[in-house]
Each structure stands twice: as C-alpha cells, then as structure tokens.
Amino acid sequence: MTDQILRTAIAAARLPGPDLLAAFRGDMRVDFKRDRHDLVTEHDRRAEAMIRDLIFREVPDSTFIGEEGGSTGTGRVGWFVDPIDGTSNFASGIAFWCVSVGAVVGGKVVAGAIFDPVADNLFCASAEGAWLNGKPLRSAGAAAEENATLVCGYPVTRDFRLDGKDLSLQRFGRMVETVATLRRPGSAALSLAHVAAGWVDAAMGFGANPWDVTAGMLIVEQAGGRYLPYALGKCPAGAPAHHHPGYLALRGGADYPTLQGIAREISRQREDEAVARQA
C-alpha cells in the first residue's frame, strides 16, 4: 500500500506541471485571501482539483486537505496538498515555486513528493528513503553555523503583529549576523527540498500550514537531515510535527544553537501569549 501511496503522490505532484509551466510568466488574474500577502490564482484552484481527482481515483480510501478547497472525504489516508507553494513567486514570474503532496496514515507521514516544474526536479520520500529525480538523496556535510546558508521568510507583516516590529527585526538581525548567507526565496516546501538536497544548510518558518511542510518534512528526514517543529501556541505540544506552524529544518550534520535558540524564543513568546489570552 505504501508503494501505491508514494506512486500516487509522485503522479499527483507532476500532474499540473505542464499547465502551470504554460501559465507561468503569462497574464493571469490574481486574487487575495487573508491579506495582500496571501495570493491565489485560477491556476492554484485548477491544479488542486486535478490533483484531488487523481488521488481519489488511485486511492479511494482518502481524505484530501488542500490549501484552496479545504477538506474532502473521510478516508484512512490523509493527503496534504499545496497545488502551488510560492504563489506570489509564480504570479510575479519568479522561478521558485512548486507542487507539494504529502500523505499521512495514522498520524504518521508515509510519503511525500515535491515537484519543481521550472527546474524539472522531483523530490520524493517514503519510509524506504529519499530521492531526487530517481537518485538517492543524502543531506550531509553541513557548514558550521557561522558559514551556513539559511533560507527564512521571517519576519513578515504577520510576525510584526504577533511579536512586535522592533523585536521581530532584532531577531532577524541576529539571524543575519549569525550565518554567512540569508535568503528569502518564498516557498516553504521548495526550501525544505533544498535542505534535503544539501543546497542550503537550514530553513526556518513561523507561519506554516500542514500542506506547506508535510511532504518536505519527510524528505528532509529521510535524506538524513533534521526537522524541528515549534507549536507557537497554535497546537498541543504532542501534535504531529506537520501540524506545528513553526519549524527549523537542518541539513545532515548541522548543529546551529543560535538558530535553535531564536526559534525556541519565538515559540515560547507566542505560547505564553496564547496562555495569557485564555486566562
């Protein structure tokens, strides 16, 4: 069954690729969801529908959780799908976006696939290992923290609101001073895939959804890296890692105490504020 789930995840991640590539850098209508930083296009919705139909056809015993359409079905296999992770990049013509498909059984992530149509790179994983374009994937040889490359979207406007602008920028400054290079590429799933491939040393995020990270988390871990989840006051401490909105993903061999300390600090602050609101 696991082999079938992985095959389905791969097929689902690849399926909308040709249509998305044809639309990329063309004229498209852009709508907004929560705010002006949260974009959606007609292509997100169409790709999600294509993936949902394929999954229910191949694995009828499924529950589908998509970024755009919410939850459908009540089956044993849960699918967390982001049809375009990095929609802002996609809509702007920036070539850093992907399709992410992760499968969960009994609370455990069992398969994941991330497809980058522009680079034609397919990252995938199961309990048997991780692969990039069919070749085994190993994430090892991380640089020392002061020589590391970090990809991180923190802070955004939402973080200013939650943590305070001055404190958010102070934390960002500590990240910049700690590592050799910091980039803000704009897709959590593809950033995790790059950690798994060993192309960057670490990735951090503090506003992730399960469809952003489920596949990437498994790929990082099965490639030999580490995925550290942070609850941020949004979920119980014992919740599955892919439900935690905060994460620090580390390439194999990485030991980054400053980055881990900043992540813990952000999580503790938000947890304390969540407790205070409930009091």
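Helices and strands here are DSSP runs, a strand having at least two residues, and they are numbered from the N terminus. The model I am reading is predicted.

**Entry: the sheet**

I began with the order of the strands. I found an open sheet of eight strands with mixed pairing, in the order E4-E3-E5-E6-E7-E8-E9-E10. Which strands stand at the edges? They are E4, residues 70–72, and E10, residues 135–136; each has a single partner strand, so one side of each is left without a neighbour in the sheet.

I then looked for a helix against this sheet. Helix H1, residues 2–14, packs on it and touches E5 (77–85), E6 (98–105), E7 (108–116), E8 and E9. I noted the direction of H1 as making about 30 degrees with that of E7.

**Entry: following the strands from E6 to E10**

I took the pairs one at a time.

E6 and E7 run antiparallel and are joined by seven bridges. One residue pair I looked up is Val105, whose bridge partner in E7 is Lys108. The two strands form a hairpin with two residues between them, and Gly106 in the turn has a positive phi of about 60 degrees.

E7 and E8 also run antiparallel, with six bridges joining them. For Ala111 I found Ser126 in E8 as the bridge partner. This hairpin has four residues between its strands, and Asp120 takes a positive phi near 55 degrees.

Is E7 mostly covered or mostly open? I read it as mostly covered, since eight of its nine residues are buried.

E8, residues 121–126, pairs with E9, residues 129–132, in the antiparallel sense over four bridges. Ser126, already noted as the partner of Ala111, stands opposite Gly129 in E9. Two residues make the link in the hairpin that joins E8 to E9.

E9 and E10 pair in the antiparallel sense over two bridges. Here Trp131 stands opposite Pro136 in E10. Their hairpin has two residues between the strands, and Asn133 in the turn has a positive phi of about 50 degrees.

**Entry: Thr63**

I went next to Thr63, which lies in strand E3, residues 62–66. Why does Thr63 count as buried? Its relative accessibility is 12%, and buried means under 20%, so Thr63 falls in that class.

I checked what surrounds this residue. Leaving aside neighbours within four places in sequence, Thr63 is in contact with Ser71, Thr72, Gly73, Thr74, Gly75, Val77, Gly78 and Trp79. For Gly75 I also noted a polar approach: its backbone nitrogen lies 2.8 Å from a polar atom of the Thr63 side chain.

**Entry: Thr8**

Thr8 lies in helix H1, the helix that packs on the sheet. I found Thr8 at 4% relative accessibility, and it therefore counts as buried. Not counting residues up to four places away in sequence, Thr8 touches Leu54, Ile55, Glu58, Val59 and Trp79. Trp79 appears in the contacts of Thr63 as well.

**Entry: Leu250**

Leu250 lies in strand E15, residues 246–250. With a relative accessibility of 0%, Leu250 counts as buried. I listed its contacts beyond four places in sequence: Val195, Asp201, Ala202, Val220, Gly225, Arg226, Leu228, Tyr256 and Gln260.

I also looked up how far Leu250 is from Ala274. The two residues are 24 apart along the chain, and their C-alpha atoms are separated by 27 Å.

**Entry: a cavity and a pocket**

How many cavities of 30 Å³ or more does the structure hold? I found one. The largest cavity has a volume of about 30 Å³. Its lining consists of Pro16, Asp19, Leu20, His43, Arg46, Ala47 and Met50. Helix H2, residues 17–23, and helix H3, residues 42–58, each supply at least two residues of that lining. The largest share comes from H3, with four residues.

I then turned to the second largest pocket, which holds about 230 Å³ of space. It is lined by 13 residues, and those nearest its centre are Gly207, Ala208, Asn209, Lys234 and Pro245. Which helix gives the most to this lining? It is H5, residues 157–163, with three residues.

Key:
Residues numbered from 1 in each chain as written. Predicted model: local features only at pLDDT ≥ 70, side-chain atom pairs only at ≥ 80, totals over all residues. Heavy atoms only, no water. Buried < 20%, exposed > 50% of the residue type's maximum accessible area, 1.4 Å probe, protein only. Polar contact = N/O pair within 3.5 Å; in protein donor to acceptor, adjacent residues only side chain to side chain. Contact = heavy atoms within 4.5 Å. Pairing = 2+ DSSP bridges. Axes fitted to C-alpha atoms, helices over the stretch in contact; angles between N-to-C directions. 1 Å grid on protein atoms, 1.4 Å probe; cavity = no way out; pocket = protein on both sides within 12 Å on 5 of 7 lines; lining within 4 Å. Points joined across faces, edges and corners; volume = space filled by probe spheres on them.
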